Amino acid sequence: MTTAAQAMAQAAARLRAAGVDDPARDARVLLAHAARIEAARVTLIAPEELSPEIAERYEQLIALRAVRVPVSHLLGEREFYGRRFKVSGDVLDPRPETETLIEAALAQPFERVLDLGVGSGCILVTLLAERDATTGLGVDLSEAACLQASANAVMHRVQARAQILQSDWFAQVNGRFDLIVSNPPYIALDEMPGLSDEVRRHEPEMALTDGGDGLGAYRTISAGALTHLAPGGRLIVEIGPTQAAQVCEILSQAGLKRLQVVPDLDGRDRVIVAYSP
Ligand SMILES: C[S@@+](CC[C@H](N)C(=O)[O-])C[C@H]1O[C@@H](n2cnc3c(N)ncnc32)[C@H](O)[C@@H]1O
């Protein structure tokens, strides 16, 4: 007989050998998923024998995790700012550091928000869910991402206030917004080989890199910002931790004012807030 605790220990050893970062946590979370219980309840079933169905599901999940399929893809969801978002290989996994952008956006009132590169919808849906009276537009070049964002808008009941559109940045966007947010692809092409297998092999390339120096999206977004922001409106972009000086330069060249660099919880430069004159 194999108990849940033994199965978990064996799975963790297998994941460790495969180079997975936190094998014990993943073995636990995936056992909960296989057993269809909350992760916090795994301790309760630890002494029990695993049923053949659960053992088989667990074996499959561990085999996939061992080839570095991200846990979020195996669960089909990821938590962001206290809500669960449906995710898949078609969209970037919502990252905890993007919550810094959410905090910056919520720090001041807004009525109408544009999210450039909406992906899973985690930013747009969170902002609309946190502020009842707001409406928003999310755009993405990826049709699959647009579908995923729409599904997440429905899941969090903001679909009546959220419009999702396939667009190359501002190309299909009309009107002005008092808040524009974006977490664009900001990894330089030559940094891509340094990413973990989970990211490089399982997340969409167009969500990660602009195929150049990592600053291309900021150039395009800043060039269109003043014609799409209401007077005094805010632009908030996420950045890579080494990009603050270069992105500030791009934004101020484009006429944006009162630039402020905001660090994430690890103290790394993460977000820039700028204003239309
Ligand atoms: C870093 S991901 C961010 C996704 C999501 N907003 C988040 O914060 O998790 C960047 C997103 O920009 C989208 N994107 C890339 N190039 C684009 C373009 N030219 N026009 C619109 N969206 C684009 C990608 O498809 C991807 O969904």
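The largest pocket in this predicted model has a volume of about 1000 Å³. Its lining is made up of 28 residues, and those nearest the pocket centre are V29, V71, S72, L75 and R78. Sorted by class, the lining of this pocket holds 16 charged residues, along with nine nonpolar and three polar ones.

Where does the lining come from in terms of helices and strands? At least two residues each are supplied by α2 (23–35), α5 (71–75), β1 (77–80) and α9 (197–202). The biggest share belongs to α2, which puts five residues into the lining of the largest pocket. V29, one of the residues nearest the pocket centre, falls within the 23–35 stretch of α2. Likewise, V71, S72 and L75 are among the residues nearest the centre, and the range 71–75 is that of α5. R78, also on the list of residues nearest the centre, sits in the 77–80 range of β1.

Now for the bigger layout of the chain. The domain assignment splits out domain 1 (4–67) and domain 2 (80–275), and the C-alpha centres of the two lie 34 Å apart. Both take part in the largest pocket: domain 1 and domain 2 each give at least three residues to its lining.

Then there is the ligand, which has a shell of 18 residues around it. The closest of these are G117, D140, D168, W169 and N183. By class, the shell around the ligand contains ten nonpolar residues, six polar and two charged. As for helices, α7 (122–130) and α10 (205–208) each bring at least two residues to this shell.

A few backbone atoms come up close to nitrogen atoms of the ligand. For G117, one of the closest residues, a backbone N or O atom is 2.8 Å from a ligand nitrogen. In the case of L141, a backbone N or O atom lies 3.2 Å from a nitrogen of the ligand, and for S167 the corresponding distance is 3.4 Å. How much of the ligand does the protein cover? On its own, the ligand has 600 Å² of accessible area, and the protein covers 94% of that.

Definitions and conventions. Residues numbered from 1 in each chain as written. Predicted model: local features only at pLDDT ≥ 70, side-chain atom pairs only at ≥ 80, totals over all residues. Heavy atoms only, no water. Near = heavy atom within 4 Å. Polar contact = N/O pair within 3.5 Å; in protein donor to acceptor, adjacent residues only side chain to side chain. Areas by Shrake-Rupley, 256 points an atom, 1.4 Å probe, with all protein chains shown as cover. Helix = DSSP H or I, 4+ residues; strand = E, 2+ residues; numbered from the N terminus. Nonpolar A, V, L, I, M, F, W, Y, C, P; charged D, E, K, R; others polar. Domains from an automatic or database assignment. 1 Å grid on protein atoms, 1.4 Å probe; cavity = no way out; pocket = protein on both sides within 12 Å on 5 of 7 lines; lining within 4 Å. Points joined across faces, edges and corners; volume = space filled by probe spheres on them.
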